[in-house]
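User: I am new to reading protein structures, and I would like a careful look at one part of this one, namely its charged side chains. Could you take me through them slowly, in one connected account?

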Amino acid sequence: MADSTSATGGGETGDDGSEAPDIDLPSDAFDAVLDALADRDPGDSLRFEGFSVTGAEGTDGDAGGRYRLDPADGDDRTGLTERGLREALSERAPAVTDWYAFERVVGEFGPRRAFLRWIEDADGETVATRYAALAEGIERAWGELKITATVTDRGERRYDVRHADDAGVPVDELESHEDPLDARELVTYDEKGRYRPLKTAPSLAGGWVFPDLGPRDLYEAVETIYPATVANWHREREGELDMTHWRETMERQSG
């Protein structure tokens with residue numbers, strides 16, 4: 001497991017007055033920043049919420065002058081060595097870990113990324129506001145599912161997924177699962193043991209929980225429980241879903 005820097009960032013206040021948690025900057029997030037800068041042309045900035053970082057050409061990081069940090073308040077920091085950059089980014093760990101979570105952990109644009117950003121309203125709220133909300137737990141409904149998103153002190157997203165009827169039930173009182181593919185068995189039969197031919201029918205049985213999923217595993221679990229729903233939701237948002245064809249298909253599946 002990668003180490004974290006000793007400095008922390010956080011303590012910022014969200015738009016609703018709630019305080020964002022302190023966040024450590026993990027080494028893997030910092031290394032990802034260095035890799036992203038190395039892949040850019042000299043002078044091409046890497047942008048985060050509230051600031052950007054630029055790498056200079058042909059300089060030795062140990063000798064100084066390699067990195068420039070341009071915060072939104074105009075207090076530029078130039079001539080930063082790698083150590084200096086790490087210290088500066090540690091002070092801004094929430095923004096850096098947020099970038100890392102979506103750019104490196106979640107990855108490419110598409111249904112998965114859109115769904116995970118929707119859960120925490122990443123396209124509508126600031127990092128400070130979202131991290132403050134994640135510290136308390138952001139709850140979302142998807143069909144009969146209740147999804148609760150949280151954040152660790154390293155900026156990592158974790159998700160609790162369960163039947164909505166099991167909201168508030170302690171984890172140790174439910175059948176706990178770690179592998180998102182376990183959901184294939186959970187969706188096969190309803191509470192009376194009857195086969196569920198249509199996985200989107202409102203007959204999902206409860207009594208189980210995925211208490212600690214990462215972003216990619218969350219997406220896989222939801223897509224296993226409700227196949228193609230995230231993809232179709234994303235296509236509808238993008239204006240690419242033929243709703244008439246989709247409704248006709250669903251009607252055929254439901255008889």
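Analyst: In this predicted model, a good place to begin is D31, which is partly exposed, with a relative accessible area of 39%. D31 sits in helix α1, which covers residues 27–38, and together with D35, D39 and E82 it makes up a negative surface patch. Helix α1 also holds S27, but S27 is buried, at a relative accessible area of 12%, and its side chain makes a polar contact of 2.8 Å with that of R86.

Other charged side chains are found in pairs. Side chains of opposite charge can pair when their charged atoms come close. The model has 15 salt bridges, and one of them joins E91 to R77, with the closest N and O atoms 3.6 Å apart. Because E91 lies in the loop between α2 and α3 while R77 belongs to strand β6, this pair ties together parts that are 14 residues apart in sequence. E91 is partly exposed at 46% relative accessibility, and R77 is also partly exposed, at 27%.

A second salt bridge, 2.5 Å from N to O, brings together R130 and E120. R130 is in helix α5 and E120 in the loop between α4 and α5, 10 residues apart. Here R130 is buried at 3% relative accessibility, and E120 is buried at 2%. These two residues also belong to a network of salt bridges that includes D98 and R157.

Finally, R162 pairs with D160 at 2.9 Å between the closest N and O atoms; R162 is buried at 5% relative accessibility, and D160 is buried at 12%.

Note on methods:
Residues are numbered from 1 along each chain as its sequence is written. This is a predicted model: local features need pLDDT of at least 70, side-chain atom pairs count only at pLDDT 80 or more; totals for chains, interfaces and linings use all residues. Side-chain values use heavy atoms; hydrogens and water are left out. Patches are made of residues with over 30% relative accessible area and no salt bridge: like charges are joined within 9 Å, nonpolar side chains (Val, Leu, Ile, Met, Phe, Trp, Tyr) within 5 Å. Accessible areas come from the Shrake-Rupley method with a 1.4 Å probe; for residues, only the protein chains shown count as cover. A salt bridge is a side-chain nitrogen of Lys or Arg within 4 Å of a carboxyl oxygen of Asp or Glu. Lys and Arg count as positive and Asp and Glu as negative; His and the chain ends are not counted. The place of a charge is taken as NZ of Lys, CZ of Arg, CG of Asp or CD of Glu. Helices (H or I, at least four residues) and strands (E, at least two) are DSSP runs, numbered from the N terminus. Buried means under 20% relative accessible area, exposed over 50%, partly exposed in between (1.4 Å probe, protein chains only). A polar contact is a pair of N or O atoms within 3.5 Å; within protein, one must be able to donate a hydrogen and the other to accept it, and residues adjacent in sequence count only if both atoms are side-chain atoms.
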